[in-house]
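Hi everyone, thanks for having me. Please take a look at the structure on the screen, and I'll walk you through a few of its parts.

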Amino acid sequence: MKISHLEPNHPTETVIQIEGLRQSITLMHVTDSHLEFADDRDPDALELIRLTEAKRPEAHKHFIEALARSNKSGVDATILTGDITNFPSWAAIDTIANGVATLSTPYLFTFGNHDWHFPFMDWNDATRDEYYHRFAGLIDGDPQCQVKEIGGVKLIALDNSNYQITMAQMEFLEDQLRTGAPCLLFIHIPIFVPSLLTPVLERWKTPLMMAATEGWTAETRAARPEFFPNGTTLEFHRFLIEGASENIAAIFCGHVHFSHADAYRAGRFQYVTNAGFDGDSRLIRLKPY
């Protein structure tokens, strides 16, 4: 499948030509809004907000503006790749639900590491599993693996918000790719590519990428052992960069709160979108040859 990444007119746009595409498709990518809302349904979170000033007072305004841009731009779908909330309070989830209800076209939501975690709780898979149910109204089926087809292109969302991928998720992706349809992969945490390592370390002092085996110190690895890739995650990474994944036209993600684009294999790019709380989003234009 012939796929070309073209020079966009604006740095917040991505333009991809895809062989065999029946029509032009436009998508909006929103990530890392970090909304903070709470009410009496989550008294601990309400107290947390009372005790600390909001770090990102414009986050909600920017979130609503991003959804309005989706409608104004006439996109075919909007994809939200996690950390839309800063913690899984019912009030924050209601805010997301009310926002996406204003969209005139379909949307796809997948998780970030903040969406399912309160700062006073343990950060682990058990906590994530406990809070998945709160997002049921935003998820299309299995929260770990979702797919939505738009104009013959498969939009695939995998929850990698714990920095790992399961074998079931990998098999799901392989099944989708076997159809031969062009695909876009949406995840929260970017996969490791060498050019992303330096800016991530400069910003976060830890290699906050999925499948990163470089950039760790003894201190950072001891502090965050759950971030270090397991065998399945490394196998998944190898599959993306050298396996039968050529019909993934691009990967879109967020998490690190800055924009970045580079190839993860020949002719296939990963696009990291800047944080929504900064007022940013990414317009994705898919064009036929």
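I'll talk about a sheet, then the helices, then a loop, and finally the cysteines. Please keep in mind that this is a predicted model.

Let's start with the sheet. It is an open one with 6 strands, and if you read across it, the order is S6-S7-S8-S9-S11-S10, with mixed pairing. Which strands stand at the edges? They are S6, covering 145–150, and S10, covering 260–265. Each has a single partner strand, so one side of each is left without a neighbour in the sheet. On average, neighbouring strands here are turned by 20° against each other, if we ignore direction.

Now look at the S6 edge. Strand S6 is joined to S7, residues 153–158, by 6 bridges, and the two run antiparallel. If you'd like a pair to find on your screen, Gln146 stands opposite Ala157 in S7.

Next, the helices. Helix H5, residues 167–177, lies across S6, S7, S8 and S9. Its direction is at about 175° to S7. H5 also meets helix H8, residues 231–242: their axes come within 9 Å and cross at roughly 20°. An angle under 35 degrees counts as roughly parallel, so that is what we call H5 and H8. Their crossing is left-handed. Which residues make the contact? From H5 we have Met167, Met170, Leu173, Glu174 and Leu177. From H8 we have Thr232, Glu235, Phe236, Phe239 and Leu240.

On to the loop. Between strand S2 (13–18) and strand S3 (25–30) you'll find Arg22. Is Arg22 buried or exposed? With 65% relative accessibility, it counts as exposed. Setting aside neighbours within four places in sequence, Arg22 is in contact with Gly151 and Gly152. Here is one I enjoy: Arg22 and Pro288 are 266 residues apart in sequence, yet their C-alpha atoms are 6.6 Å apart in space.

Last, the cysteines. How many disulfides does the structure hold? The number is 0. Take Cys145: the nearest cysteine sulfur belongs to Cys183 and is 14 Å away. Why is there no bond for Cys253? Its closest cysteine sulfur, also in Cys183, is 17 Å off, which is too far for a bond; a disulfide needs the two sulfurs within 2.5 Å. As for their surroundings, Cys145 is buried, with a relative accessible area of 11%, and Cys253 is buried too, at 0%.

That's my tour, and I'm happy to go back to any part of it.

How values were computed. Residues are numbered from 1 along each chain as its sequence is written. This is a predicted model: local features need pLDDT of at least 70, side-chain atom pairs count only at pLDDT 80 or more; totals for chains, interfaces and linings use all residues. Side-chain values use heavy atoms; hydrogens and water are left out. Buried means under 20% relative accessible area, exposed over 50%, partly exposed in between (1.4 Å probe, protein chains only). Two strands pair if DSSP finds at least two bridges between them. Helices (H or I, at least four residues) and strands (E, at least two) are DSSP runs, numbered from the N terminus. Axes are lines fitted to C-alpha atoms, for helices over the stretch in contact, and angles run from 0 to 180 degrees between N-to-C directions. Contact means heavy atoms within 4.5 Å. Angles under 35 degrees count as roughly parallel, over 145 as roughly antiparallel, 65 to 115 as roughly perpendicular and the rest as oblique. A crossing is left-handed if the near helix is turned anticlockwise from the far one by less than a right angle, and right-handed if clockwise.
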